[in-house]
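Biologist: Please take a close look at a single part of this protein chain, and then place that part in the rest of the model. Plain terms will do, as the reader is a first-year student.

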Amino acid sequence: MSNGLLRIGVLAIQGDFEAHHRMLSSLGAEAHEVRTAAELDGLDGLVIPGGESTTISMGMERDGLDEAIRSSHAAGMPILGSCAGMIVCDRDHLGLADYLCRRNAFGRQLQSFEEDLVVAGLGEEPVRAVFIRAPWVEELGPEVEVLAEIRGHPVAVRDRNVLAVAFHAELTDDSRLHAAFMAMCTSARTDARAHR
């Protein structure tokens, strides 16, 4: 952290973690692939990418990453969950945020689609959202903020230091979601320094 850059990890168990890595690097973050609990040390934030939520969960458990991520989150580290990552963050999985997802809510691979979505906090210009076997949020806790919906179903939410989206923000050239996550990480780092 001596160079002042944000150090953001991308969970690299499965899924399109390389696209998140490229996006974060293009925005000036120092992006790191995370495969072990030790690689969480010194990070300012963590991205849990899309892929297959069961495979990711099993991989995290196998490598001791589930408890390490819970501890990092409890200590204030912001988390961005995308597609399967959104599921992994919910009550039934890592329990990082107070919501519950329905898997493959929009249908299987053949029902994948793109939609222009206005996401609260990212300006008035819609985000081109890519949905691939995407979840939606089925149940929301009282503190969870809904940032975007499709047909009445939440597909982007924030619960304190967890930002979760049902779509693949890394598959377009629009970097606003990653930039918003980096702003959360900067804010958390500033707060942590203030409390030392």
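**The loop around Val144**

Modeller: Val144 sits in the loop that joins strand 8 (136–140) to strand 9 (145–150). The model is a predicted one. A loop residue may be buried or exposed, and here the relative accessibility of Val144 is 10%. Buried means under 20%, so Val144 counts as buried. What does Val144 touch, not counting residues up to four places away in sequence? Its contacts are Asp98, Val157, Arg158 and Asp159. Strand 10 covers residues 153–159, and Val157, Arg158 and Asp159 are among the residues touched by Val144. As for distance, Val144 and Arg189 are 45 residues apart in sequence, and their C-alpha atoms lie 22 Å apart in space.

Next comes the loop between strand 10 (153–159) and strand 11 (162–165), which holds Arg160. With a relative accessibility of 54%, Arg160 counts as exposed; the cut-off for that term is over 50%. The backbone of Arg160 has a positive phi, near 55 degrees, in a residue other than glycine. Most residues other than glycine have a negative phi. Asn104 is not a glycine either, and its phi is positive at about 45 degrees. Asn104 belongs to the loop between strand 5 (99–102) and strand 6 (113–117).

Two glycines with positive phi follow helices. Gly28 comes just after helix 1 and has a phi of about 95 degrees. Gly76 follows helix 3, with a phi near 110 degrees.

Those two helices can be looked at in turn. Helix 1 runs over residues 17–26, and its buried residues are Phe17, Ala19, His20, Met23 and Leu24. Viewed down the helix axis, the buried residues of helix 1 fall within an arc of 160 degrees, so they line one face. Arg22 and Ser26 are exposed on the other side of helix 1. The buried residues of helix 1 pack against strand 1 (7–11), strand 2 (30–34), strand 3 (45–48), strand 4 (79–82) and helix 5 (176–194).

Helix 3 covers residues 65–74, where Leu65, Asp66, Ala68, Ile69, Ser72 and His73 are buried. The arc that holds the buried residues of helix 3 is 165 degrees when seen down the axis, so these residues also line one face of their helix. Their cover includes strand 1, strand 2, strand 3, strand 4 and strand 11, along with helix 2 (53–62). Strand 11 is thus named twice here: it helps to cover helix 3, and it follows the loop that holds Arg160.

Now for the whole chain. The protein chain has five helices and eleven strands. Its radius of gyration is 15 Å, close to the 16 Å that the globule rule gives for 196 residues, so the chain is as compact as a globular protein of that length. The C-alpha trace spans about 45 × 40 × 35 Å along its principal axes. Of the 196 residues, 51% are buried, and Val144 is one that counts as buried. Among contacts with a separation of 6 or more, 66% are between residues 24 or more positions apart. The accessible surface comes to about 9,000 Å², and carbon and sulfur atoms hold 48% of it. There are 18 positive and 30 negative side chains, with the centres of the two sets 2 Å apart.

Notes: Residues numbered from 1 in each chain as written. Predicted model: local features only at pLDDT ≥ 70, side-chain atom pairs only at ≥ 80, totals over all residues. Heavy atoms only, no water. Helix = DSSP H or I, 4+ residues; strand = E, 2+ residues; numbered from the N terminus. Rg over C-alpha atoms; globule rule 2.2 N^0.38 Å. Buried < 20%, exposed > 50% of the residue type's maximum accessible area, 1.4 Å probe, protein only. Contact = heavy atoms within 4.5 Å. Areas by Shrake-Rupley, 256 points an atom, 1.4 Å probe, with all protein chains shown as cover. Lys, Arg positive; Asp, Glu negative; His and termini not counted. Charge placed at Lys NZ, Arg CZ, Asp CG, Glu CD. Arc of directions from axis to C-beta.
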